[in-house]
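Biologist: I would like to learn how the features of a model such as this one are read, beginning with its aromatic rings and then going on to its pocket and some single residues. Could you take me through them in turn?

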Amino acid sequence: PEETLRLAIQGALSSVWTALPCIVVSFDPVAQTIVAQPAIKAIQQLQNGTYQAVTMPLLLDVPVVFQRGGGVTLTFPIAAGDECVVVFMARNFDAWWQSGGVQLPLDARRFNLSDGMAFVGPLSQPKRLSGYSTTTVQLRNDAGTAFYELDPVNLTERIEATAGLTIHGPVT
């Protein structure tokens, strides 16, 4: 009985999705969604009882999560090949996505591949940043050759702009 129960639980959990590392295939800046390719292969059991690794299907129209609050939002370019994590919601969020506010789920779907949101930015080891500052906050390019830096201890700011710097605003 314990083995039967274990297999039943394992079978039920195999259709529960919580989060997957993915690779951005394309970004729609108007809808602010991505098409994402899961970066982990699925294991599929064949008719003869053997298993094979298969590439998972593309995740379509995945909303991108931006850091925001208080009327401001941090945006950044998103390009094909960027890495991300897609987190799958506990319930169908289609009605909320379309209308905002508090909504009823449209069906009983749970932890489904169609109910993901993308957090762009996690990096695999081959894409990790070089020259990471452990003492300052930086808004930077991946190469570290251009950045805005804030040092919270010394209360200093630094801008590194190797190709030039333009500041727009009223002259006082």
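Modeller: Keep in mind throughout that this is a predicted model. Let us start with one ring residue, Phe93, which counts as buried because its relative accessibility is 9%, under the 20% cut-off.

Biologist: Which residue does Phe93 form an aromatic pair with, and what is the geometry of that pair?

Modeller: A pair of aromatic rings is described by the distance of the centres and the angle of the planes. In this case Phe93 pairs with Trp96, with 6.1 Å from centre to centre and 65° between the planes, and the arrangement is edge-to-face. The partner, Trp96, is partly exposed, since its relative accessible area is 39%. Ring pairs also bring in Trp97, so that Phe93, Trp96 and Trp97 are linked into a cluster.

Biologist: How many aromatic pairs does the count come to?

Modeller: The count comes to 3 aromatic pairs. One of them joins Phe66 and Phe76, a tilted pair with 5.8 Å between the centres and 55° between the planes. Phe66 sits in the loop between β5 (59-63) and β6 (68-69), whereas Phe76 sits in the loop between β7 (72-73) and β8 (83-88), so this pair ties together parts that are 10 residues apart in sequence. With a relative accessible area of 16%, Phe66 is buried, while Phe76, at 30%, is partly exposed.

Biologist: Let us turn to the pocket. How much space lies in the largest pocket, and which residues are closest to its centre?

Modeller: Rolling a probe the size of a water molecule over the atoms shows where empty space is left. Here the largest pocket holds about 860 Å³ of space, and of the 27 residues lining this pocket, those closest to its centre are Phe76, Gly121, Leu129, Arg140 and Asp142.

Biologist: What is the make-up of that lining, and which strand gives the most to it?

Modeller: The lining divides into 14 nonpolar, 8 polar and 5 charged residues. Strands β9 (116-120) and β10 (137-140) each supply at least two residues of the lining, and β10 gives the most, with 4 residues.

Biologist: Where does Leu129 lie, and which residues does Leu129 touch?

Modeller: Leu129 has its place in the loop between β9 and β10, and, when residues up to four places away in sequence are not counted, Leu129 touches Leu123, Arg140 and Asp142. Leu129 counts as partly exposed because its relative accessibility is 30%. As for distance across the model, the C-alpha atoms of Leu129 and Asp61 are separated by 28 Å, and these two residues are 68 apart along the chain.

Biologist: How far apart in space are Val85 and Pro21, C-alpha to C-alpha?

Modeller: Val85 and Pro21 are 64 residues apart along the chain, yet their C-alpha atoms are separated by 4.4 Å. Val85 is found in strand β8 and, with a relative accessible area of 25%, is partly exposed. Once the neighbours within four places in sequence are set aside, the contacts of Val85 include Ala19, Leu20 and Pro21, as well as Met117, Ala118 and Phe119.

Biologist: Where is Met89, and which residues is Met89 in contact with?

Modeller: Met89 lies in the loop between β8 and α2 (94-99), and at 24% relative accessibility counts as partly exposed. Beyond the neighbours within four places in sequence, Met89 is in contact with Arg110, Phe111, Asn112, Asp115 and Met117. For Asn112, which is 23 residues away in sequence, the C-alpha to C-alpha distance from Met89 is 7.4 Å.

Biologist: Which polar atom lies 2.9 Å from the side chain of Gln37?

Modeller: The backbone oxygen of Met56 lies 2.9 Å from a polar atom of that side chain. Gln37 belongs to strand β2 (residues 33-38), and its contacts beyond four places in sequence include Cys22, Ile23 and Val25, together with Thr55 and Met56.

Biologist: What is the sign of phi at Gln32 and at Leu155?

Modeller: Phi is positive at both, about 60° for Gln32 and about 55° for Leu155, although neither residue is a glycine. Gln32 lies in the loop between β1 (19-28) and β2 and is partly exposed at 38% relative accessible area, while Leu155 lies in the loop between β11 (146-151) and β12 (156-161) and is exposed at 71%.

Note on methods. Residues are numbered from 1 along each chain as its sequence is written. This is a predicted model: local features need pLDDT of at least 70, side-chain atom pairs count only at pLDDT 80 or more; totals for chains, interfaces and linings use all residues. Side-chain values use heavy atoms; hydrogens and water are left out. On a 1 Å grid over the protein atoms alone, a cavity is a set of points where a 1.4 Å probe fits but cannot get out, and a pocket is an open set with protein on both sides within 12 Å along at least five of seven lines; lining residues have an atom within 4 Å of a point. Grid points are joined across faces, edges and corners, and a volume is the space filled by probe spheres set on the points. Ala, Val, Leu, Ile, Met, Phe, Trp, Tyr, Cys and Pro count as nonpolar, Asp, Glu, Lys and Arg as charged, and the others, Gly among them, as polar. Rings of Phe, Tyr and Trp (its six-membered ring) pair if their centres lie within 6.5 Å; planes under 30 degrees apart count as stacked, over 60 as edge-to-face and the rest as tilted. Buried means under 20% relative accessible area, exposed over 50%, partly exposed in between (1.4 Å probe, protein chains only). A polar contact is a pair of N or O atoms within 3.5 Å; within protein, one must be able to donate a hydrogen and the other to accept it, and residues adjacent in sequence count only if both atoms are side-chain atoms. Contact means heavy atoms within 4.5 Å.
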